[in-house]
Amino acid sequence: MEYIADNNRYNNMLYRRCGKSGLQLPALSLGLWHNFGGVDDFENGRAIVRKAFDAGITHFDLANNYGPPPGSAEETFGEILRKDLRPYRDEIIISTKAGYNMWSGPYGEWGSKKYLVASLDQSLKRMGIDYVDIFYSHRPDPNTPIEETMGALDLMVRQGKALYVGISNYSAEQSEIAIKTLKQLETPCLIHQAKYSMFDRWVENGLLTVLDNNGVGCIAFSPLAQGLLTNRYLNGIPKDSRAAKEHGFLKAEQITNELLNKINQLNSIALNRNQTLAQMAIAWLLNKPQLTSVLIGVSKESQLNDCLLSLKNTHFTNDELKKIEKILD
Ligand SMILES: NC(=O)c1ccc[n+]([C@@H]2O[C@H](COP(=O)([O-])OP(=O)(O)OC[C@H]3O[C@@H](n4cnc5c(N)ncnc54)[C@H](OP(=O)(O)O)[C@@H]3O)[C@@H](O)[C@H]2O)c1
């Protein structure tokens with residue numbers, strides 16, 4: 001059946017300005033790292049993306065290597081665009097990245113101009129689009145001059161193949177240098193995509209201050225620690241969960257008793273707030289003014305519905321925050 005987007009799609013979503021740029025991003029964005037590959041059910045992924053757009057999620061995040069197999073998540077998203085979202089292209093922010101291993105030989109990973117420029121061309125073809133809204137350098141490259149990597153991002157913008165550029169997984173120090181280099185090229189760094197959740201708070205150690213000082217936005221990836229910060233693993237490892245999948249990046253060994261103890265304690269606080277743990281984990285991030293958006297992944301429409309409800313309560317009492325700190329300590 002032909003997809004017609006919900007007329008009320010902008011009524012409940014919150015939008016936040018990305019650093020000091022002109023661009024606003026939804027408080028919740030959707031990532032296609034898992035569950036959208038060639039190995040996954042296309043109709044399930046399609047239903048999730050449609051539901052997301054209907055709920056005001058305007059930002060979809062990809063990378064050249066998302067799948068499996070690598071490249072197939074971009075193909076899936078291209079297919080959804082063609083079938084459903086094409087009329088709405090100007091309402092959508094599509095991001096992709098390059099940096100990790102994508103093809104054989106010395107030009108298939110890291111941060112050379114040769115790799116990044118070729119990779120973006122491939123991504124555009126797979127998605128069937130003329131430009132991406134945001135292109136990221138997916139990781140810093142210790143062996144390529146930063147001027148070359150940032151120069152490649154600047155080139156993409158000047159060629160009209162990317163509207164904005166960003167960096168991901170750069171340390172606070174590396175970010176400072178990358179941001180400065182882009183400024184000199186007169187292509188501002190829009191955003192940093194960083195791993196950030198209750199279980200991984202490295203960004204609080206300098207990165208958020210660097211971004212704030214430079215007017216650069218921040219989008220938090222794996223905000224649910226790949227599903228650990230949800231009720232998913234409270235009673236064992238479900239067969240359809242990421243930790244049970246051979247190609248999943250969450251490994252069963254990571255779910256230790258010590259961690260489960262923390263998850264259970266956090267779950268009790270969430271229930272007292274009338275939230276699920278996933279909702280509280282997202283709300284805890286949205287409570288931080290430096291964050292532009294929280295970039296979730298979901299394997300089912302029901303999980304997306306659950307996550308969307310986090311927007312209803314992002315306020316925490318001092319007592320709740322203290323209790324959470326004590327558990328995370
Ligand atoms: N820049 C980078 O280097 C980088 C790295 C990683 C990710 N990312 C981006 O960040 C996005 C999100 O990462 P992520 O998938 O790790 O995020 P996440 O939100 O931390 O974890 C997603 C997983 O949590 C579970 N989940 C989600 N909502 C739930 C709910 N309401 N109740 C119960 N379980 C729920 C699902 O697990 P099940 O699958 O088990 O159902 C889902 O697959 C990626 O898609 C990608 O775009 C970027």
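Two strands count as paired here if DSSP finds at least two bridges between them. Helices (H or I, at least four residues) and strands (E, at least two) are themselves DSSP runs, numbered from the N terminus. With that in hand, take Ile 134, which stands opposite Tyr 164 in β7. The two strands concerned, β6 (residues 132-137) and β7 (residues 162-168), run parallel and are joined by five bridges.

Before going further, a word on what you're looking at. This is a predicted model, where local features need pLDDT of at least 70, side-chain atom pairs count only at pLDDT 80 or more, and totals for chains, interfaces and linings use all residues. Residues are numbered from 1 along each chain as its sequence is written.

Now zoom out from that strand pair. Eight strands close into a barrel, in the order β3-β4-β5-β6-β7-β8-β9-β10, with parallel pairing. Neighbouring strands of this sheet are turned by 30° against each other on average, direction ignored. Angles between axes run from 0 to 180 degrees between N-to-C directions, the axes being lines fitted to C-alpha atoms, for helices over the stretch in contact.

Let's walk round part of the barrel. Strand β4 (residues 59-61) pairs with β5 in the parallel sense over three bridges, and the partner of His 59 in β5 is Ile 93. β5 is mostly covered, with six of its six residues buried; buried means that 20 or more other C-beta atoms lie within 10 Å of a residue's own, exposed means 12 or fewer, partly exposed is in between, and C-beta atoms are placed from the backbone. Ile 93, Ser 95 and Lys 97 point one way from β5, Ile 94, Thr 96 and Ala 98 point the other way, and all are buried.

β9 tells a similar story: five of its five residues are buried, so it is largely enclosed by the rest of the structure. Gly 217, Ile 219 and Phe 221 point one way, while Cys 218 and Ala 220 point the other. Its parallel link to β8 is made by five bridges, with Ile 219 of β9 as the bridge partner of Gln 193.

On to the helices. α5 (residues 172-184) lies across β7 and β8 (189-195), running at about 160° to β8. α8 (residues 277-286) is mostly covered, with 10 of its 10 residues buried. Those residues pack against β9 (217-221), α7, β10, α9 and α10, where a contact between two residues means C-beta atoms, placed from the backbone, within 7 Å.

Two of those neighbours also meet each other. The axes of α7 (residues 257-272) and α10 (residues 318-328) come within 10 Å and cross at roughly 175°. The two helices are therefore roughly antiparallel, a label for angles over 145 degrees (under 35 is roughly parallel, 65 to 115 roughly perpendicular, and the rest oblique). Lys 262, Gln 265, Leu 266 and Ile 269 make the contact from α7, and Glu 320, Lys 323, Ile 324 and Ile 327 make it from α10. These divide into four nonpolar, one polar and three charged; Ala, Val, Leu, Ile, Met, Phe, Trp, Tyr, Cys and Pro count as nonpolar, Asp, Glu, Lys and Arg as charged, and the others, Gly among them, as polar.

Then there's the ligand. It is surrounded by 30 residues, the closest being Gly 31, Trp 33, Phe 221, Gly 227 and Gly 297; a residue is near a molecule if its C-beta atom, placed from the backbone, lies within 6 Å of it. β10 (293-296) and α9 (301-308) are the elements that give two or more residues to this shell, and α9 gives the most, with three. By class, the shell splits into 11 nonpolar, 15 polar and four charged residues.

Finally, the loops hold some backbone geometry to check. A cis peptide bond joins Gly 67 and Pro 68, with omega about -5°, and another joins Pro 68 and Pro 69, with omega about -10°. Pro 68 sits in the loop between β4 and α2, as does Pro 69. Glu 186, in the loop between α5 and β8, has a phi near 65°, a positive value in a residue other than glycine. Ser 222, in the loop between β9 and α7, also isn't a glycine but has a positive phi of about 50°. Are these two residues buried or exposed? Glu 186 is exposed, with 9 other C-beta atoms within 10 Å, whereas Ser 222 counts as buried, with 22 C-beta neighbours inside 10 Å.
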